[in-house]
Amino acid sequence: MLRGVMVGLGNVAIEGHLPAWKDRKDVVIVGGVDSSKDRAALFKKNMPEAQTFGTLDEAILSLKPDFVDIATPPHTHFSIIKTALRAGLHVLCEKPLVLKKSEIEELALDREDSGKVLMTVHNWKYAPICREISSRLESGVIGKPKRLEWYVLRTGPSVTTDKENWRLNPEMSGGGILIDHGWHAFYLLLEWLKADPLKVKASLEKRQYEDLSVEDTAKVTVDFHMDGPASAEVFLTWASRVRKNSGLIEGSKGRILMEDDRLIIEKTGQSPETVMFDKALSAGSHHPDWFNFIIDEFLSEISDASKSGNNFYTSQACFKLIEKSKESSEKNAAPLVY
Ligand SMILES: NC(=O)c1ccc[n+]([C@@H]2O[C@H](COP(=O)([O-])OP(=O)(O)OC[C@H]3O[C@@H](n4cnc5c(N)ncnc54)[C@H](O)[C@@H]3O)[C@@H](O)[C@H]2O)c1
């Protein structure tokens, strides 16, 4: 049975990852690492049979695990991933995988050299409503998808375990809502449109939190390589009065509307079908039920060499979309060709 160590025992690790790991019979978490003694103690309370450490190096030396699950703030991901790959461990890491172009390039080489899996937590793919969208698109109900709109409205940034919120420090987070929610939006649109980006245009704004060092609102348009026009519009904000997710996917034979807790499937010439979900997509932040599918995907990349790398290639594409969006915004929303 594969043995894992969790690094970063903050909100998403304890509320989202740990319950899912604990439910599994095919893998076991044997250790937890956090620079905060309080967080390590909370982990130990939840997982008395596991050991706790202040650094990953100590955990590797003592436990010789097979994999790590990293949920520390973004600016720490790169060096922790390097340590893990160098020690021959498979790596599962929260989004955003890394913050710099040089880092993702170096990790591409390290991943090849190590022969280990390096996977980012792309958990929104596994929200029940998103799985239903994927399955409807695969069934071809609306034909070939050509246009996507994706809206994420939040009333402010999420809190962190530390009083000083790393999400608001660009050195630690890599930016504001573009990096916090844009990474999720980008792997979803790549998954659903199944095409390569051609052009990106973006604007990052401070609409409400003007004194923040990061943007609270991001608008991104991506044009795709396809036979005919294909594009995605992404709108993300922390400056809304409501918390809501919604979207639209238009295809050659109809469209799918997503309204947080419902899908409306409109097939040309037929009456619309509504599918309701127990929870709104915007409800909660940690989702152990979605993370359970992430564990399946991680184990499947480990055991099946033909799947290894699939997730990393998507991570590279998300990274590039984030980079191009920032660059376009710096150039006053100039359209940037890939
Ligand atoms: N996929 C999702 O839906 C989702 C949701 C929330 C957060 N996240 C991501 O998860 C990561 C963590 O977010 P969070 O909200 O849990 O943050 P958090 O602040 O609640 O937790 C971070 C933890 O990491 C610890 N830490 C910091 N530096 C460390 C280091 N060098 N070594 C060991 N421990 C260290 C902190 O003490 C803290 O316990 C971020 O990358 C974030 O973007 C993803």
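In the predicted model, helix α10 (residues 310–330) lies across three strands, β8 (197–205), β9 (217–224) and β15. The helix runs at about 60 degrees to β8.

These three strands belong to an open sheet of nine strands with mixed pairing. The strand order is β14-β13-β12-β11-β7-β10-β9-β8-β15. The edges are taken by β14 (273–276) and β15 (336–337); each has a single partner strand, so one side of each is left without a neighbour in the sheet. Within the sheet, β12 (residues 254–259) and β13 (residues 262–267) pair in the antiparallel sense, over five bridges. In this pairing, L257 stands opposite I264 of β13.

The largest nonpolar core comprises 86 residues, of which V68, V91, I133 and L189 touch the most other members. Helix α8 (residues 177–193) supplies the largest share of this core, with twelve residues. At least three residues of the core come from each of domain 1 (2–120) and domain 2 (124–279 + 317–337). For V68, the contacts beyond its neighbours within four places in sequence are G4, V5, V7, L56, A84, L89 and V91.

P48 is located in the loop between α2 (37–46) and β3 (51–53). This residue counts as exposed because it has 7 C-beta neighbours inside 10 Å, the cut-off for exposure being 12 or fewer. P48 and F67 are 19 residues apart along the chain, and their C-alpha atoms are separated by 20 Å.

How values were computed:
Residues are numbered from 1 along each chain as its sequence is written. This is a predicted model: local features need pLDDT of at least 70, side-chain atom pairs count only at pLDDT 80 or more; totals for chains, interfaces and linings use all residues. A nonpolar core is a set of buried Ala, Val, Leu, Ile, Met, Phe, Trp, Tyr and Cys residues joined through C-beta atoms within 7 Å. A residue is buried if 20 or more other C-beta atoms lie within 10 Å of its own, exposed if 12 or fewer, and partly exposed in between; C-beta atoms are placed from the backbone. Helices (H or I, at least four residues) and strands (E, at least two) are DSSP runs, numbered from the N terminus. Domain bounds come from an automatic or database domain assignment. Two residues are in contact if their C-beta atoms, placed from the backbone, lie within 7 Å. Two strands pair if DSSP finds at least two bridges between them. Axes are lines fitted to C-alpha atoms, for helices over the stretch in contact, and angles run from 0 to 180 degrees between N-to-C directions.
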